[in-house]
Structure formats: C-alpha cells, structure tokens
Amino acid sequence: MKIKLIVYYLKKYTPWHLKIIIKIILSKLPCTYSVWRKIGIFKPGCMDQADYSLKVFYKHLDLINIKKEKLYGKTLIEIGPGDSLASALIASSIGAKIILIDVGYFAINDAEFYKKMARELREKGCNVPHISHCKTVADMLVTLNAKYFTDGINSFKKIENESIDIIFSNATLEHVRKRSFLSLIKEMRRVLKTNCYSSHTVDLQDHFNNSLNHLRFSEYVWESKLFSSSGFYTNRMSISEISSCFHNAGFDYNIVNKTEWEKMPLSISKLNAQFRNREKKDLLISSFDIVTVKK
C-alpha cells in the first residue's frame, strides 16, 4: 500500500521530462508486467473495475445507437482490453460473442479475480453465466464463448472476412504505432460486415502531464525503439489524420464528444518543427469519440 501511495505522488508531482527518464529506466528492468501492475506502474486502464468496465462497454453501444437486446448472437471485437477481460463477461451476459485483441498478455490471469467480478456484475443486473467451475482463465473464455488474442494486428489473421458486427476500443488507437495505423484500420474494415459499426474513444494528450509535451520531440527520437517501447508511446496523430485514415480505408465516420482545451496548453514555439504548422483547431482537441460505418 505504501508503494502504491509513493507511485501516486510521483505520478502527480514529478515533472514530465523526469517521468520520461524514469519510465525508460523502469521499462528496462527485468520485472514482469504483473509486478508493475501491482504497484500501479505501466497500468493499461481501469478495466479491472466492474463499474468502469460497464461504463465503457455501454458507452460504445450508445455511441453506435444499438440496444443490448439487438446484440444476441452477434460477434464483437474489443481492441486493447488492457488489464482485464471484463468485456467478455459483459458480452456473454447479453448473449454476444467477443474477441479481445491486444499487443501482449496484459490481462489479469487469475480465474478467482473474474469470479469475483462476475458476482459484482450480477449484483448490478448483468446476467453473467456462472464460471465458478472454471479453474483457469482459458476455461472461463471457453465458457463465455470468447477469445483473447495477444499478437496485435497479426491477431486479425485469425478472423474471417466480414464476420464481425461491432468493433470498439477505449483509449487504444492513439497507442498504435504510426507505421501500423492504416494497416489496422484496413484489417478492421476487412473483418467487419457491410453496414456495421466501430466506435473508438481517442485520447490525444501526452501521457506525462495531460498536455502536448509529446509533440516536442522529433519523429526520429519519438519513433525510436527506446521511446516506443518504454510505456508512454502514442502515435501523435491528429484528429484530422485519424479521420482521414478511416475515410481512406472505406469508412464513413462521425466525430462526437470532442473535448477541447480553452487555450493551448503548450506554446506552439515549444513544439517540434513538424507540428508547428498543425492547425490550431486540431491542437486544441484533447480527446474525442469517432463512430464509423463500413460502406
């Protein structure tokens, strides 16, 4: 508990440039991901909490404007489930199948954790199948008619053309490597059925100080292996660039729920040269939701 408290204050009060140095050093230590998660470092989201997981899942259904009753027998994909497979429990409660895709095995690998979450979800009115007999997470996924793939974009190779009804992600697209982003969007289009939807929440802030400090760096430095593998990487794509990728891949799209800074959180003069000409209206957007449909 004391370690978590120390980590909390370090995150809150450490200057952004020191956070970069600390994360680079920590990422090179021979510690497993589960160790970092326990003390609150490199923790990918809050999907290990029942309330938050429900909020995220139904937020995307609302954005797509589909009722849960319509999802019975449908197949969903969640990109970037992060630290838990909670969406598998929720999807199964409405009779849907789900495929969870990530770039590594980050989810809690403890059947007892999910049994506890299943009980919490039932208390909140979710008709989650009983998984008390499951000894492992693999057993649980079979029971829930769910799959968990951990090979990033390559995971899509296991999914047939036009077999998916809905794709969603929450604060994930910004972490996809820039060089792979369009390939991911094309794979999403390939597996989606015609006239079916995807919904994504995108966070454009830096992951140090909720500002634009990540735009200070050159492409050479930022996309280097040292930076991209140290737990704070985002692709630094703007709302316009992300929207264009969806459009160019053959999606219609709608931008909703834009969150904007009232004024620039960082002087344009402090940005790297490649970002100084980015339109100010793009720079002022800190997050947004995008809903797309395959036509």
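## Charges and rings in a predicted model

K115 and E112 make a salt bridge, with their closest N and O atoms 3.0 Å apart. Keep in mind as you look that this is a predicted model. The two partners are three residues apart in helix α6, so about one helical turn separates them. Their surroundings can be described too: K115 counts as buried because its relative accessibility is 13%, under the 20% cut-off. E112, with a relative accessible area of 49%, is partly exposed.

How many salt bridges does a search of the whole structure find? The search finds 13. One of them brings together the side chains of D51 and K124, at 2.7 Å from N to O. This pair links distant parts of the chain, 73 residues apart: D51 belongs to helix α4 (residues 50-64), while K124 sits in the loop between α6 (111-123) and α7 (137-143). D51 has 51% relative accessibility and so counts as exposed, the cut-off being over 50%. K124 is partly exposed, at 41%.

Now turn to the strands. K193 forms a salt bridge with D165, and here the closest N and O atoms are 3.0 Å apart. Again distant parts of the chain are linked, since K193 is in strand β5 (residues 192-203) and D165 is in strand β4 (residues 164-170), 28 residues apart. K193 is partly exposed, with a relative accessible area of 29%, whereas D165 is buried at 9%. Elsewhere, K178, E219 and R236 are joined into one network by salt bridges that share partners.

Another acidic residue to visit is D289, found in strand β7 (residues 285-294). Is D289 buried or exposed? D289 is buried, with a relative accessible area of 3%. Which residues does D289 touch, leaving aside neighbours within four places in sequence? Its contacts are K59, L63, H200, T201, N254, I255, V256 and N257. Two of these residues also meet D289 through polar contacts between side chains: K59 at 3.2 Å and T201 at 2.6 Å. You can also find N170 from here, as the C-alpha atoms of D289 and N170 are separated by 9.1 Å although the residues are 119 apart along the chain.

Next come the aromatic rings. A pair of aromatic rings is described by the distance of the centres and the angle of the planes. The whole structure holds 13 aromatic pairs. Among them, F113 and Y114 are arranged edge-to-face, with 4.9 Å from centre to centre and 85° between the planes. Both F113 and Y114 are buried. W222 and Y233 form a stacked pair, because their ring centres are 6.3 Å apart and their planes are at 25°. W222 lies in helix α9 (residues 219-222) and Y233 in the loop between α10 (225-228) and α11 (239-248), so the pair ties together parts eleven residues apart in sequence. Both W222 and Y233 are buried. These two residues also belong to a cluster linked by ring pairs, together with F208, F217, F227 and F232.

Finally, charges and rings come together. R177 lies over the face of Y233, at 5.2 Å from the ring centre, so take another look at Y233, whose ring also stacks with W222. In a second example, the charged end of K158 sits over the ring of F149, 4.6 Å from its centre.

Definitions and conventions:
Residues numbered from 1 in each chain as written. Predicted model: local features only at pLDDT ≥ 70, side-chain atom pairs only at ≥ 80, totals over all residues. Heavy atoms only, no water. Salt bridge = Lys/Arg side-chain N within 4 Å of Asp/Glu carboxyl O. Helix = DSSP H or I, 4+ residues; strand = E, 2+ residues; numbered from the N terminus. Buried < 20%, exposed > 50% of the residue type's maximum accessible area, 1.4 Å probe, protein only. Contact = heavy atoms within 4.5 Å. Polar contact = N/O pair within 3.5 Å; in protein donor to acceptor, adjacent residues only side chain to side chain. Phe/Tyr/Trp six-rings, centres within 6.5 Å; stacked < 30°, edge-to-face > 60°. Lys NZ or Arg CZ within 6 Å of the ring centre and 35° of its normal.
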